[in-house]
Amino acid sequence: MIRLKQALKSAIHYGHFHMTAQYYEENGTIPHAVISATVDGNSPIKAWREYLGFSPAEIAARLDMSQAEFAEIETAVKLRQTILKKVAHALGLTVAQLDF
């Protein structure tokens, strides 16, 4: 238990500690880093994916599609609700957290 506490303190100290996707889904919040990434030109999907530490390949696999197909989704300006729901589920988020 002491090692775990030390590891958490170290992670927090060095800025490597992110809340889990489950936390954001339960609270319906969007972290500042995700908002900033979208202001800088990234799509909400890409901003969340990077924030949560997933590679494009990981999310494509969760969605049972190729990386090229996922790249199209990640850069699309407008997506159908069915696609948003699938991506949100793959990231562990709500649709509202992706559609802002």
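A residue is called buried when its relative accessible area is under 20%, and exposed when that value is over 50%. The legends below use these words in that sense and describe a predicted model.

**Figure 1. Overview of the predicted model, a protein of eight helices and zero strands.** From the N terminus on, the elements follow one another as α-α-α-α-α-α-α-α. The protein has 100 residues, of which 33% count as buried. It exposes about 6800 Å², and carbon and sulfur atoms supply 56% of that area. Among contacts between residues at least 6 apart in sequence, 52% join residues at least 24 apart.

**Figure 2. Close-up of Leu84 in helix H7, which spans residues 81-91.** The relative accessibility of Leu84 is 5%, below the 20% limit, and the residue therefore counts as buried. Leaving aside residues up to four places away in sequence, Leu84 touches Leu79, Val95, Leu98 and Asp99. Thr94 is ten residues from Leu84 along the chain, and the C-alpha atoms of the two are separated by 9.0 Å.

**Figure 3. Close-up of Ala90, a further residue of helix H7.** With a relative accessibility of 6%, Ala90 counts as buried. Its contacts, not counting residues up to four places away in sequence, are with Ile59, Arg62 and Leu63. Ile59 belongs to helix H5, which covers residues 56-62. Ala90 and Ile59 are 31 residues apart in sequence, yet their C-alpha atoms are 6.5 Å apart in space.

**Figure 4. Helix H4 and its surroundings.** Helix H4 covers residues 44-52. Seven of its nine residues are buried, so this helix is largely enclosed by the rest of the structure. The buried residues are Pro44, Ile45, Ala47, Trp48, Arg49, Tyr51 and Leu52. Gly53 follows the helix and has a positive phi, near 85°.

**Figure 5. Close-up of Arg49 within helix H4.** Arg49 carries a charged side chain by the classification used here, and it is buried, with a relative accessible area of 6%. Not counting residues up to four places away in sequence, Arg49 touches Phe54, Ser55, Pro56, Ile59, Phe70, Glu74 and Leu91. One of these partners, Ile59, is also touched by Ala90 of helix H7.

**Figure 6. The aromatic pair formed by Trp48 and Tyr51.** Which arrangement do the rings of Trp48 and Tyr51 adopt? The count of aromatic pairs comes to one under a rule that requires ring centres within 6.5 Å. The ring centres of Trp48 and Tyr51 lie 6.2 Å apart and their planes meet at 85°, over the 60 degrees required, so the pair is edge-to-face. Both residues belong to helix H4, where they are three residues apart, about one turn of the helix. Trp48 counts as buried at 0% relative accessibility, and Tyr51 counts as buried at 14%.

**Figure 7. Close-up of Pro44 in helix H4.** Pro44 has a relative accessibility of 18%, under the 20% limit, and is therefore classed as buried. When neighbours within four places in sequence are left aside, Pro44 is in contact with Thr38, Leu98 and Phe100. One of these partners, Leu98, is also touched by Leu84 of helix H7. Val34 lies ten residues from Pro44 in sequence, with a C-alpha to C-alpha distance of 7.2 Å.

**Figure 8. The largest pocket, with a volume of about 200 Å³.** Its lining comprises 13 residues, of which Pro44, Ala76, Val77, Leu98 and Asp99 lie nearest the centre. Helices H4 and H6, the latter covering residues 67-75, are the elements that give two or more residues to this lining. By type, the lining residues divide into nine nonpolar, one polar and three charged. Among the residues nearest the pocket centre, Leu98 and Asp99 are both touched by Leu84.

**Figure 9. Asp64 in the loop between helices H5 and H6.** Is Asp64 buried or exposed? Its relative accessibility is 71%, over the 50% limit, and Asp64 therefore counts as exposed. Most residues other than glycine have a negative phi. The phi of Asp64, in contrast, is positive, near 55°.

How values were computed. Residues numbered from 1 in each chain as written. Predicted model: local features only at pLDDT ≥ 70, side-chain atom pairs only at ≥ 80, totals over all residues. Heavy atoms only, no water. Phe/Tyr/Trp six-rings, centres within 6.5 Å; stacked < 30°, edge-to-face > 60°. Helix = DSSP H or I, 4+ residues; strand = E, 2+ residues; numbered from the N terminus. Buried < 20%, exposed > 50% of the residue type's maximum accessible area, 1.4 Å probe, protein only. 1 Å grid on protein atoms, 1.4 Å probe; cavity = no way out; pocket = protein on both sides within 12 Å on 5 of 7 lines; lining within 4 Å. Points joined across faces, edges and corners; volume = space filled by probe spheres on them. Contact = heavy atoms within 4.5 Å. Areas by Shrake-Rupley, 256 points an atom, 1.4 Å probe, with all protein chains shown as cover.
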